Amino acid sequence: MRFKALWGVINAIVLVVVSWGAFSYLVGVYSVEIDEVSVATYIVDGDTFDVAMGERVRLADVDTPERGQVGYSEASYFLEQLIYGERVYLDVDDVYRYGPYGRLICLVYVDFNSTHNVNVNEALLVGDYARVSDYDNEFSPYGWTLFVSKVGSADRRRLLLISLAVGLGMTVVINLAVRFIRRGVSSCYRRVSGGISRAPIEHEQVTIPGEIRTPL
Ligand SMILES: [Ca+2]
Ligand SMILES: [Ca+2]
């Protein structure tokens with residue numbers, strides 16, 4: 001009875017730990033990191049803009065033409081069309097946070113529709129308004145996608161159900177494995193103990209000197 005109660009507690013712990021681990025992993029996979037949310041209030045050039053929270057943002061790992069260079073106006077106009085006056089989601093560089101000139105180094109997202117955001121840095125590259133400059137920071141431009149999924153509350157519920165299913169599956173597998181091992185151990189034990197009890201006791205033929213009868 002004591003073992004059954006203990007085993008029930010172990011099952012509950014496995015279910016919670018595995019489900020929570022799976023949920024954290026899935027949410028991490030299906031969502032992007034967002035450190036700050038603000039509104040773009042001023043476009044400086046193709047890769048720099050100001051936000052309402054009082055910071056100047058430099059788009060991470062991309063370079064657009066400087067003032068006077070070919071493509072400067074096009075890049076600035078593209079960025080303006082994409083984010084000016086819009087709510088922007090900032091993934092701020094966790095390594096240095098600020099770059100030269102005190103600008104926040106960010107991967108920036110803006111709303112696209114109810115289910116997806118646009119990666120602004122990647123949009124500049126895809127539109128050929130910028131080139132890659134992979135600086136030392138938390139970002140790698142080679143893994144970016146243009147659209148990223150928003151994880152809403154409905155998605156979270158779906159991910160939670162999947163995680164619970166993973167947790168239950170793991171609990172069942174562990175129970176089956178333990179049952180299999182216990183059966184194996186007990187059948188081994190039965191074989192060994194039965195063997196011992198059934199083993200014929202072989203006696204050596206001992207001749208007791210006193211019992212040797214001398215022929216008459
Ligand atoms: Ca970050
Ligand atoms: Ca980088």
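Two residues are in contact here if their C-beta atoms, placed from the backbone, lie within 7 Å. The structure is a predicted model.

**Exercise 1.** Determine which residues Leu124 is in contact with, leaving aside its neighbours within four places in sequence, and place Leu124 in the nonpolar core.

*Solution.* Step 1: with those neighbours set aside, the contacts of Leu124 are Gly46, Leu59, Val62, Thr64, Ala75, Phe78, Tyr129 and Ala130. Step 2: the largest nonpolar core holds 28 residues, and Leu124 is among those with the most contacts inside it, as are Val57, Leu59, Leu90, Cys106, Val108 and Val120. Step 3: two or more residues of this core come from each of strands E2 (48-51), E3 (56-59), E5 (87-92) and E6 (104-111) and helices H2 (72-83) and H3 (120-126). E6 gives the most, with six residues.

**Exercise 2.** Check the length of H2 and establish how its buried residues are arranged.

*Solution.* Step 1: twelve residues at 1.5 Å a residue should span 16 Å, and the end C-alpha atoms of H2 lie 17 Å apart, which agrees. Step 2: Ala75, Ser76, Phe78, Leu79 and Ile83 are the buried residues of H2. Step 3: viewed down the axis of H2, these buried residues fall within an arc of 160°, so they line one face of the helix. Step 4: their cover includes E1, E2, E5, E6 and H3.

**Exercise 3.** Describe the pairing of strand E1 (residues 36-45) with E5 and with E2.

*Solution.* Step 1: E1 pairs with E5 in the antiparallel sense over four bridges, and Val37 stands opposite Tyr89 in E5. Step 2: E1 and E2 also pair in the antiparallel sense, over four bridges, with Phe49 in E2 as the bridge partner of Ile43. Step 3: E1 and E2 form a hairpin with two residues between them.

Technical notes
Residues numbered from 1 in each chain as written. Chains lettered and ligands numbered in written order. Predicted model: local features only at pLDDT ≥ 70, side-chain atom pairs only at ≥ 80, totals over all residues. Core = buried A, V, L, I, M, F, W, Y, C linked by C-beta atoms within 7 Å. Buried ≥ 20, exposed ≤ 12 C-beta atoms within 10 Å, placed from the backbone. Pairing = 2+ DSSP bridges. Expected span 1.5 Å × (residues − 1). Arc of directions from axis to C-beta.
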